[in-house]
Amino acid sequence: MDALREDPGAWLDGFSYVAETAAGEIAAHALITRCHVDGAPALCLAPVAVLPAHQGTGAGSAVVRAVLHAARARGEQLVLVLGHPDYYPRFGFTPASAYGIRPSFEVPDEAMQALALTGPSGADGSGPLPRGTITYPAAFGV
């Protein structure tokens, strides 16, 4: 996380969310950073983490929903996540391949997911979503 925070091309202020317990312990965390799809700006949701004792309590869903809401409010178009195909669809994520988006490395198609925060074909005036290969910040090591 420190490497992402120190990368001015990746770090976006206001896109790191935590859920706390009543005692002030961090139960869950979600982070969005900048990535690119064939040079066009996009967002990547990673990491998302929930302490084992708080899994299944809604803490993880709460931080994911909050950070996605913040991205929409800032007018971002696209969020990508490499994650469990049974978890992220509840937030609207679908296979990125349906948008013509792919990672530069091999992953199961259903695990690389995308969420259009605006109209997927520019119906809301935002323009079409980018298509192509994802470039992650260097801190991800891919």
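**Notebook: strand S7, helix H2, Glu76 and the cysteines**

I started with strand S7, residues 112–116, and found it mostly covered, with 5 of its 5 residues buried. The model is predicted, so I read every value as computed from it. I then looked at which way the side chains of S7 go. Met112, Ala114 and Ala116 point one way. Gln113 and Leu115 point the other way, and these are buried too.

Next I looked up the partners of S7. Strand S4, residues 78–82, runs antiparallel to S7 and is joined to it by 5 bridges. I noted one pair there: leucine 78 has alanine 116 of S7 as its bridge partner. Strand S5, residues 94–95, also pairs with S7 in the antiparallel sense, over 2 bridges. Here proline 95 is matched with glutamine 113 of S7.

I moved on to helix H2, residues 59–73. I checked its length against expectation. At 1.5 Å a residue, its 15 residues should span 21 Å, and the end C-alpha atoms are 21 Å apart, so the two agree. I listed its buried residues: Ala59, Gly60, Ser61, Val63, Val64, Val67, Leu68, Ala70 and Ala71. Residues three or four places apart in an α-helix point the same way, because there are 3.6 residues a turn. What covers the buried residues of H2? I found that the cover includes strands S1 (16–20), S2 (26–37) and S3 (40–50), along with S4 and S7.

I followed the chain out of H2. Glycine 75, just after the helix, has a positive phi of about 80 degrees. Glutamate 76 sits in the loop between H2 and S4. Is glutamate 76 buried or exposed? I get a relative accessible area of 14%, so glutamate 76 counts as buried. Its side chain makes a polar contact of 2.8 Å with the side chain of arginine 34. I also logged its contacts beyond four places in sequence: Arg34, Leu43, Ala71, Leu117 and Thr118.

Last, I checked the cysteines. The count is 0 disulfides. Cysteine 35 is in none, and the nearest cysteine sulfur, that of cysteine 44, is 4.4 Å away. Cysteine 44 is likewise in none, with the sulfur of cysteine 35 as its nearest, at 4.4 Å. The cut-off is 2.5 Å between sulfur atoms, so this pair does not qualify. I looked up the burial of each. Cysteine 35 has 1% relative accessibility and counts as buried. Cysteine 44, at 2%, counts as buried as well.

Note on methods
Residues numbered from 1 in each chain as written. Predicted model: local features only at pLDDT ≥ 70, side-chain atom pairs only at ≥ 80, totals over all residues. Heavy atoms only, no water. Buried < 20%, exposed > 50% of the residue type's maximum accessible area, 1.4 Å probe, protein only. Helix = DSSP H or I, 4+ residues; strand = E, 2+ residues; numbered from the N terminus. Pairing = 2+ DSSP bridges. Expected span 1.5 Å × (residues − 1). Contact = heavy atoms within 4.5 Å. Polar contact = N/O pair within 3.5 Å; in protein donor to acceptor, adjacent residues only side chain to side chain.
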